[in-house]
Amino acid sequence: MRHFFLAFILLGCLSALLPGCEPKEDLVQTSGSLSFVQDTVLFDTVFTTVRTVTKRLWVYNRNRGALKTDISLAGAGASPYSLIISGDAGASASGVTVRGNDSLLILVRATVGDNGTATAAKQFVVADQINFLTNGNAQDVKLVAYGQNAYFHYGDIIAKDVTWKTDKPHVIVNRTYGSGTQAYVVGVAVAQGATLRIPKGARIYSHAGAVLQVDGRLLVNDLSEPNAFVPTDTVKDTNANIVRFGGDRLEDFYADTPGQWGGLVFTSTSRGNRIRYAEIKNATYGLLLLNTAPTGPHPDVAMDNTTIKNISGNNVSFAGAAQTPVSLDTGGGIISIAGDVKATNCLFANCAEYAMLGFGGTYDVNFCTVANYPNTTAVRKSASLTFTDKSPLDNVTALSSPQITLRNSIVWGSIDDELYFDDVDNYRASLVVRNSVLRTSTYAGTAFATTGKPGLADAALGNLLNTDPLFLRSPFSGSRLDYSLQATSPALKLGPAYGNVPARDLRNLPRAARTVGAYEHK
């Protein structure tokens, strides 16, 4: 037994000295090369000076043994690209080991500089490559970014009348002024008494959380001729004259992602605002009318031929909008606190909670379509159009009762009740709902009940309740969305329009008097 024990110890010592006992995947080969799933890391349109999202490049060693490789950016320190290799940031790394049948992750980001052409609205290409040298084998992966020059607004305060140019996009980025409890955030602020005009064809992109705050006046497409807007296909909607507001991430992944930026904010002193032929998308709220002095004049917005879509339903921040705290934690296509809203030929689509949420104020909704199917797995519980006389403002217990006129419109969505009038007995005399297609179980009666439920099925009102309007391509059709109407839509059988009829619809097609909603039936 003693001899066996000594032999065992001797064998163990010899085994430790034998190189063959090291795992093969850790033994460095002197031949072989790496492989890549992709030969190019592509960044779609990115704005100059704004860092891109991070892209991943996986590097594979398909050999049994390990490989050592030298990695470097061809442009070195002057490159607009930056790398993180094995957790370390740098333009290069030498002798990086990739074990056999294993992989290496490289993270790539870019910050594209202005190409020096001040008036260039078109994209330009910025290229580089990552070089790999492995056992004398030179390999590379291309890096390509499509840059876009823009006008950047870092906390701009507009104190006099300004008209924005349209030769390049505008990018809004928040800036913090002051510090501590005195700090406040501004993306772009239009001062009281000043007017910002945004002409046809402008593109406005906002960085995460940024807002356009209006204490004065905002005119969007107000100077344009109505007939300048040729009819456009509902789905493609490529009309170059439309003013478009969205987030500053232009990759396809973000095309319909809500909550990428704040929205348009109109404060207590804002008057005479007009938004025409515009698209507002992917925000936390489309329009916020924030009247912190509800007993005084109301901020007002008239909105025509405009789409608000892909709006998030929570995590609203009013940091850049006002210093008065607001007890509100939801987003919406339009949120109005003691404001006045007039919407004609407008589409509200795919809001995670509210299409329009009104606290007090005045609302005139005419020939609009609400098609509220949020792009989210969460279940929406709030009626798309909700109105109340309660106040969300701290230290303000009640607001004046809302005045609501809803006519010639479609209010439809993913839940059974897409209308809600809170405390409606307080303002039943100022509630008009006529000649509209409505999804509602609460108000499906034929008369005003003693419980305060307006009977919207009263034949004299001309409404059509709880009958699918048959959108041309709804979220359940498997096709791209189109909220115009099918030829068999029951919405086409409603009576003549109630009240005034705009000359043209959302797409600028001539209007008749019998098609409700934002789209005239072709």
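User: Let's start with Ala210: is this residue buried or exposed?
Analyst: Happy to help, and please keep in mind that this is a predicted model. The cut-off for burial is under 20% relative accessible area. Ala210 has 0% relative accessibility, so this residue counts as buried.

User: Where along the chain does Ala210 lie?
Analyst: Two short strands frame this spot: S19 covers 203-206 and S20 covers 211-214. Residue 210 falls between those ranges, which places Ala210 in the loop between S19 and S20.

User: Which residues beyond its sequence neighbours is Ala210 in contact with?
Analyst: Setting aside neighbours within four places in sequence, two groups turn up. One group is Ile172, Val173 and Asn174, and the other is made of residues numbered from 261 to 263. In full, Ala210 is in contact with Ile172, Val173, Asn174, Trp261, Gly262 and Gly263.

User: How far apart in space are Ala210 and Val171?
Analyst: Along the sequence, 39 residues separate Ala210 and Val171. Taken from C-alpha to C-alpha, their distance in space is 9.6 Å.

User: Now the chain as a whole: how many helices and strands does the chain have?
Analyst: Let's put some context around that count. Of the 522 residues in the chain, 50% count as buried. Among contacts between residues at least 6 apart in sequence, 67% join residues at least 24 apart. As for the elements themselves, the chain has 1 helix and 41 strands.

User: What share of the exposed area do carbon and sulfur atoms supply?
Analyst: The chain exposes about 23,200 Å². Of that area, the part supplied by carbon and sulfur atoms is 53%.

User: What is the volume of the second largest pocket, and which residues lie nearest its centre?
Analyst: The volume of the second largest pocket is about 210 Å³. Its lining has 17 residues. Those nearest the centre are Asp304, Asn305, Asn345, Pro502 and Ala503.

User: Which strand gives the most to the lining of the second largest pocket?
Analyst: Four strands each supply at least two lining residues: S24 (273-281), S26 (300-311), S28 (340-344) and S31 (362-366). With 3 residues, the one that gives the most is S24.

User: How many charged residues are in the lining of the second largest pocket?
Analyst: Splitting the lining by class gives 4 nonpolar and 6 polar residues. The charged residues in that lining number 7.

User: Why is there no disulfide between Cys346 and Cys368?
Analyst: A disulfide needs two cysteine sulfur atoms within 2.5 Å. Cys368 holds the closest cysteine sulfur to that of Cys346, yet the pair is too far apart for a bond. A search of the whole structure likewise finds 0 disulfides. The sulfur separation that rules out this pair is 4.6 Å.

User: What is the relative accessibility of Cys346 and of Cys351?
Analyst: Cys346 counts as buried. Cys351 counts as buried too. For Cys346 the relative accessibility is 0%, and for Cys351 the value is 0%.

User: What is the phi of Asn310?
Analyst: Asn310 lies in strand S26 and counts as buried at 4% relative accessibility. Among its contacts outside the nearby sequence are Ala255, Pro258, Lys281 and Asn350. Although Asn310 is not a glycine, its phi is positive, at about 55°.

User: And what is the phi of Asn508?
Analyst: Asn508 sits in the segment after strand S41 (482-485). At 2% relative accessibility, Asn508 counts as buried. Asn508 is not a glycine, yet its phi is positive, at about 75°.

User: Is Val162 buried or partly exposed?
Analyst: Val162 lies in strand S13, residues 162-163. Not counting residues up to four places away, Val162 touches Thr195, Leu196 and Arg197. Buried would require under 20% relative accessible area. Val162 has 26% relative accessibility, so this residue counts as partly exposed.

User: Last one: what separates the C-alpha atoms of Val108 and Ile130?
Analyst: Val108 belongs to strand S8, residues 102-110, and counts as buried at 0% relative accessibility. Its contacts include Phe43, Tyr81, Leu143 and Ile130 itself. Val108 and Ile130 are 22 residues apart along the chain, and their C-alpha atoms are separated by 9.9 Å.

Conventions: Residues numbered from 1 in each chain as written. Predicted model: local features only at pLDDT ≥ 70, side-chain atom pairs only at ≥ 80, totals over all residues. Heavy atoms only, no water. Buried < 20%, exposed > 50% of the residue type's maximum accessible area, 1.4 Å probe, protein only. Contact = heavy atoms within 4.5 Å. Areas by Shrake-Rupley, 256 points an atom, 1.4 Å probe, with all protein chains shown as cover. 1 Å grid on protein atoms, 1.4 Å probe; cavity = no way out; pocket = protein on both sides within 12 Å on 5 of 7 lines; lining within 4 Å. Points joined across faces, edges and corners; volume = space filled by probe spheres on them. Nonpolar A, V, L, I, M, F, W, Y, C, P; charged D, E, K, R; others polar.
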